[in-house]
Structure formats: structure tokens, C-alpha cells
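Dear colleague,

Please find below the structure that I am handing over to you, together with its sequence. My findings follow directly after it.

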Amino acid sequence: MNYIHDYFIIESLNKEDIKDGKIFFNSLKSLNKYEPTYIEVKNRLEFEKAIINFSKSNYKNLFISSHGDEENIILLNENFNAYDLLDLNIDLSKKRIFMSTCKGGSFILAKYFIKKKAYSVVGSPDILPQITAVGMWTTMIIIFEKLHKENTDFKKLDKTLLLLSKIYEIKLSYFSFVRNKKLIMKEYLYDGSNLKKRSNHEI
């Protein structure tokens, strides 16, 4: 499959929330080089259907916008945790996950996606204010465009996360599989300093 560097956005927020997923979608569309998909869901069944569609698509990036915590995704009409999705038959090989939820950059959520063969998971281990999320994700795309000469996606993402953690004064975590070590997941923590901190986790 030929993957496209574009975004499949799943969002579940109410009318009182700032819908950063929708704003991110419109920001991407304005650049005229992206053709993102945007889906609003209310319950677990709709979420599962959307993520299955993503897994079968040629989109490289999944963007999830909702409320949440270290292990739960909180939708409009239903809450569930990562363990509830273990039996979901999806293959996320070569795909990146961006978690726009509070504490979406947690070990538990990342472990679920990495076990489903995701290439990487990005999110904040802390509370993520919605106004910060709106600015941060749109800034991410602007920085990506500025770093177009970098020869790998990770180099672009690495520099971008360093900058975002400084600009928005928020911790960000990047999780990824370790090549040839199926039971190990690496984490880079960006905390606003010039250096990222690496740790390995057994999964």
C-alpha cells in the first residue's frame, strides 16, 4: 500500500468545547496540499468503526480529539479504556497516532497502539488545555512545512516536538517500537528543555 502523509481525524467533543480536531481539519484544508478526513463520533461503536476504516486506509496519520485520561478515551455518550479495544482487529503498521486528549501521551494508551503495530504515538502526559491543543497542532503543521528539507519524518517530528514543548510550555511524549525487539517500546519525553529524555518500557 502507498501511504499518503495526510490525516484521518476522529473527534468527540460537545458544543461547549473547542473542537480542535475540526480546526485542525480546516487548517490542513487551507494549505491545498492535504485531503484530510474528519469524522465525529459519539460512542464506542462509532469510534471502533472509524478506527477500523483508518486502519484499512492509506492515511498515515490518525488524530484523535476527545476528553480522556491516562487509560480512558471519553466520548460524548460513552467512556472506554485501552484494554476494551484489545480484541479489535486492526493493523496500524507504518501509521502514526496523535492523541489530542488530556494525558493522551500515557504509557497505557501508547502500549495499546504499539501492540497494534503503530509506528509511533504522540501526546502529552499532562492535562492538555483545549486552547493549547488548537494552537499546538496547527503550529505543528507550520513547522513541518518549514522543515521540508529534512530527510526523514522522525527528524522533522523530533525538532517539531522540541519546539512545541518550549513554545506551549507543555510536556510531550513520543512512543515508538524498538526495531527487532517486539516487547520493548521506547519513549522520548520533551519537557521544554533542549534535550529529550529517553526511556524503554516492556510491553
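I begin with F177, which lies in strand β8. Please bear in mind throughout that this is a predicted model. Leaving aside neighbours within four places in sequence, F177 is in contact with I114, A118, Y119, I184 and K186. At 28% relative accessibility, F177 counts as partly exposed, because the buried class ends at 20%. L128 is 49 residues from F177 along the chain, and the C-alpha atoms of the two are separated by 24 Å.

Aromatic pairs

How many aromatic pairs does a search of the whole structure find? The search returns 15 of them, and two are described here. In one, Y119 and F177 meet edge-to-face, with 5.4 Å from centre to centre and 80 degrees between the planes. Y119 belongs to the loop between α3 (107-115) and β7 (120-123), while F177 is in β8 (residues 172-178), so this pair ties together parts that are 58 residues apart in sequence. Y119 is partly exposed, its relative accessible area being 27%.

The second pair, F154 with Y188, is tilted: the centres are 5.9 Å apart and the planes form an angle of 35 degrees. This pair also links distant parts of the chain, since F154 sits in helix α5 (residues 153-167) and Y188 in strand β9 (residues 181-190), 34 residues apart. Is each partner buried or partly exposed? F154 has a relative accessible area of 23% and is partly exposed, whereas Y188 is buried, at 11%.

Beyond these pairs, one aromatic cluster is formed by Y7, F24, Y34, F63, F98 and W137.

Charges over rings, and D158

Which lysine lies over the face of Y188? K196 does, at 5.3 Å from the ring centre. A further case is K95, whose charged end sits over the ring of F54, 4.4 Å from the centre of that ring.

K196 also appears among the contacts of D158. The place of D158 is in helix α5, and D158 touches Y190 and K196 when residues up to four places away in sequence are not counted. With a relative accessible area of 13%, D158 is buried.

Nonpolar cores

In soluble globular proteins, nonpolar side chains tend to be buried together. The largest nonpolar core of this model has 30 residues, of which F47, I97 and F113 touch the most other members. At least two residues of this core come from each of β1 (4-12), α2 (44-56), β3 (59-68), β6 (96-100) and α3. Which element supplies the largest share? It is α3, with five residues.

F47 touches I10, V41, I64, I73, L75, F80 and L85, not counting residues up to four places away in sequence. Another core, of 28 residues, lies apart from the largest one; L164, Y174, Y188 and Y190 are among its members. Y188 therefore appears in several of these findings: as a buried residue, as a partner of F154 in a tilted pair, as the ring under K196 and as a member of this other core.

Helix α3 deserves a few words of its own. Its buried residues are L109, A110, K111, Y112, F113 and I114. The list includes a lysine, K111, and also I114, one of the contacts of F177. Just after α3, K117 takes a positive phi of about 75 degrees.

The chain as a whole

The chain has five helices and 10 strands. Its C-alpha trace spans about 40 × 40 × 35 Å along the principal axes. For 203 residues, a compact globule would have a radius of gyration near 17 Å, and the 16 Å of this chain agrees with that. Of the 203 residues, 50% count as buried. The chain exposes about 10200 Å², and carbon and sulfur atoms supply 50% of that area. Among contacts between residues at least 6 apart in sequence, 66% join residues at least 24 apart. The pair of Y119 and F177, with its 58 residues of separation, gives one example of parts distant in sequence being tied together.

With kind regards

Key
Residues numbered from 1 in each chain as written. Predicted model: local features only at pLDDT ≥ 70, side-chain atom pairs only at ≥ 80, totals over all residues. Heavy atoms only, no water. Phe/Tyr/Trp six-rings, centres within 6.5 Å; stacked < 30°, edge-to-face > 60°. Helix = DSSP H or I, 4+ residues; strand = E, 2+ residues; numbered from the N terminus. Buried < 20%, exposed > 50% of the residue type's maximum accessible area, 1.4 Å probe, protein only. Lys NZ or Arg CZ within 6 Å of the ring centre and 35° of its normal. Rg over C-alpha atoms; globule rule 2.2 N^0.38 Å. Contact = heavy atoms within 4.5 Å. Areas by Shrake-Rupley, 256 points an atom, 1.4 Å probe, with all protein chains shown as cover. Core = buried A, V, L, I, M, F, W, Y, C linked by side-chain atoms within 4.5 Å.
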